[in-house]
Amino acid sequence: MKTEPNSERQELFFDGVGVAAGIAIGPAHVVESGALNVPEYRIQRKQVDNEIARFQAAIENSRDQIETLRSKTRKLPPAVAEELGFLLDAHMQMLAGSRLVRGVEQRIEEDRRNAEAAVQSEISQIVRGFAELDDTYMAARMQDIRDVGARIIRSLTETPYQAFKMAPSGSVIVATEITPADTALMEPGEIAGFASGMGGAEGHTAIMARSLELPAVLGIPDLTAAVESGQTVIVDGTTGRIVVNPSRETLRFYRLRRRRLARERQRLERLRALPGVTRDDARIALHANLELPREIDLAITSGAEGIGLLRTEFMFMNRDTPPDEEEQYLTLRTLVEGMNGQPVTIRTLDVGGEKLAYSLGNHISDAVNPALGLRAIRFSLRQPKLFESQVAAILRAAHHGPVRMLLPMISTVGEVQQVRTVVARVQRRLKRRGVETSNLPPIGIMIEVPGAALAADALAGVSDFFAVGTNDLIMYTLAIDRADEQVAHLYDPLHPAVLRLIQFSAQAALRARIPISVCGEMAGDPRYTALLLGLGVRELSMSSANLPRVKERVRALDLMASTRRAEMIMDQADSGRIEMLLDDFNELA
Ligand code: PEP
Ligand code: MG
């Protein structure tokens, strides 16, 4: 839709969390959501049964609504349908005799409160409990609980559900709160994008927006008060900026950016089937990092030639007990088969530090300094039963395609030897059980502890491959917590100490003739591609969304020239100068 600036109104800028890249420009459709009218009164003893029956009817009604929504999801793209399916299952579970239902009935019975008020109080109490956990994953669950509560209250008060049916074609939806279910009902052809007062990058709404490729910015609390329906709004989902009533120049700027992005997307799509090869014919393997199984589709469509890092933590999260061997095996097998003969690098559990898994709650102690505590392989070696079941699942999955086993946070040769003993024992046991396995898969290690990088030559003697985890390597080398924004300015991938450790590891791998990859965030930033290749790395693994851009960079590079530039960079002592030399090279080649 063509949109013109409104000359009488003031141009306003807001900055929030950009959760789905792209630019949307269109008239605002402001939705007054979140303001539920919750009546509150006391009931008499004789009314209790009636009130509970009213609550039960609202639960039934909510379940019917979810079923209807579920049938609608079948028409959605598969990734979105799957995401929404998980979500609706979770909502359905909350409605089925859960703590929520019991709590509400108790409040009606004991506190003699009407059903709407009982639902509201119970939801607030559950949400407060979650909030105390101070965890982003749990924050997303909090949203689910609020959504379920709002649905029950809407049923009780007979307030109809407001989707975006009234939004004119090409609108930008602006609301205090946009739930994942709301998002799933947005037709990407009809809605240009959305912006909301609440929400963060980890929530389901954000994930849905990315799957639907709808530009979205969340987390601008005062937005709805500043916008009226019909006013022109720009959503820049890449930078997280919202412009209300843009001036002519601003509109021109963003239209230009939108055209550029569309052209860039087309160009990158054409790269999908092309190999990752430099101008002087060096083959570079470009792999995907996977945090959740459903990302596999994206990995394949982005042109990944394998999974360079499968973080298995997802299997242990959001549940009360850890998965058993069979469950892990089935999940891993599906992934291995899904990659159709391309390699899958499965990393053993990397919990501890900032990564928590509630199913392991009683195993993880409250360390004084979690990042330096019982994390990753240290934890696995302390929990032989748990570790052996994961190893068994990996060995069994390896029967269905090329698998590599990757060990996180290794710091000594002894740890690798201990793991090898466990792996051999588990393999023998599987044979005795008559379970089909293949030869032992390659066992490699993460180089993410500075000491491991410095001892890379010794570790190469017991490892089949290296994977450099720059996220942790930078954190431990520079003593900067990767999750602490107060010291974020000191987190520097180009610090000479970090580069020397990568180079040292690459040289040790080369001498031992074992492959080395980089799978930290550095691998997904095209700015660092020339330097990493120049330091001797021939395999990069990254989030799928970054892969086409990195491939484009690889194909534009000359490996010999990159190596010479890396040599020049390694003579420098100052990261500012290193940055300059790298930027200079990137501009030319
Ligand atoms: C890393 O540390 O660079 C890495 C890839 O592992 P994670 O981010 O899972 O710690
Ligand atoms: Mg790591």
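# A guided tour, from helix pairs to the barrel

Start by selecting helix α11 (residues 325–338) together with α13: the two pack at an angle of about 35 degrees, with their axes 8 Å apart. Keep in mind as you look around that this is a predicted model. The crossing of α11 and α13 is right-handed. To see what fills the contact, show side chains: from α11 come Glu325, Glu326, Gln328, Tyr329, Leu332, Arg333 and Val336, and they meet Ser389, Gln390, Ala392, Ala393, Ile394, Arg396 and Ala397 in α13.

**Next stop: α13 and α14**

Keep α13 (residues 384–397) on screen and add helix α14 (residues 413–432). Here the packing angle is about 65 degrees and the axes are 9 Å apart. This crossing, too, is right-handed. On the α13 side, the contact is made by Phe387, Glu388, Val391, Ala392, Leu395 and Arg396. On the α14 side, look for Val419, Val422, Val423, Arg425, Val426, Gln427, Arg429 and Leu430. Ala392 and Arg396 are worth labelling: they appear in the contact with α11 and again in the contact with α14.

**Zoom out for a moment**

Show the whole chain as a cartoon. How many helices and strands does the protein have? There are 22 helices and 16 strands. If you colour by accessibility, buried residues account for 52% of the 589 residues. A contact map is a good companion view: of the contacts between residues at least 6 apart in sequence, 68% join residues at least 24 apart.

**The barrel**

Now select β9 through β16. These eight strands form a closed barrel in the order β9-β10-β11-β12-β13-β14-β15-β16, with parallel pairing. From one strand to the next, the twist averages 30 degrees.

Begin at β9 (285–290) and β16 (539–543), where the ring closes. Over five bridges, β9 and β16 pair in the parallel sense. Click on Ala288 and find its bridge partner in β16, which is Met542. On its other pairing, β9 joins strand β10 (residues 307–311) in parallel over three bridges, and there Ala288 stands opposite Ile307. Is β9 mostly covered or mostly open? Five of its six residues are buried, so to speak of it as mostly covered is fair.

Move round to strand β12 (residues 403–407) and strand β13 (residues 443–447), which run parallel and are joined by three bridges. A pair to pick out here is Leu407 and Ile445 of β13, which stand opposite each other.

Before leaving, add helix α20 (residues 547–556). This helix lies across β9 and β16, running at about 165 degrees to β9.

**Helices α22 and α18**

From α20, carry on to helix α22 (residues 575–588). With 14 residues at 1.5 Å a residue, α22 should span 20 Å, and its end C-alpha atoms are indeed 20 Å apart. Which residues of α22 are buried? They are Ser575, Ile578, Leu581, Leu582, Phe585 and Asn586. Turn the view to look down the axis of α22: the buried residues fall within an arc of 135 degrees, so they line one face of the helix. The spacing makes sense, because an α-helix has 3.6 residues a turn and residues three or four places apart point the same way. On the other side of α22, Glu587 and Leu588 are exposed. Show the neighbours as well: the buried residues of α22 pack against α18 (496–512), α19 (526–534), α20 and α21 (559–570).

Pick α18 out of that group. Its 17 residues should span 24 Å at 1.5 Å a residue, which agrees with the 24 Å between its end C-alpha atoms. Among its buried residues are Pro496, Leu499, Ile502 and Ala509. Just after α18, check the backbone of Arg513, which takes a positive phi of about 55 degrees.

**Last stop: β7**

Finish at strand β7 (residues 232–236). Five of its five residues are buried, so β7 is largely enclosed by the rest of the structure. Thr232, Ile234 and Asp236 point one way, while Val233 and Val235 point the other.

Add strand β3 (residues 23–31), which runs antiparallel to β7 and is joined to it by five bridges; Pro27 has Thr232 as its bridge partner. Then add strand β8 (residues 241–244), paired with β7 in the antiparallel sense over four bridges. Val235 stands opposite Ile242 in β8. The hairpin of β7 and β8 has four residues between the strands, and Gly240 takes a positive phi near 85 degrees there.

Conventions: Residues are numbered from 1 along each chain as its sequence is written. Chains are lettered from A and ligands numbered from 1 in the order in which they are written. This is a predicted model: local features need pLDDT of at least 70, side-chain atom pairs count only at pLDDT 80 or more; totals for chains, interfaces and linings use all residues. Side-chain values use heavy atoms; hydrogens and water are left out. Two strands pair if DSSP finds at least two bridges between them. Axes are lines fitted to C-alpha atoms, for helices over the stretch in contact, and angles run from 0 to 180 degrees between N-to-C directions. Contact means heavy atoms within 4.5 Å. The expected span of a helix is 1.5 Å times one less than its number of residues. Buried means under 20% relative accessible area, exposed over 50%, partly exposed in between (1.4 Å probe, protein chains only). The arc is that of the directions from the helix axis to the C-beta atoms. A crossing is left-handed if the near helix is turned anticlockwise from the far one by less than a right angle, and right-handed if clockwise.
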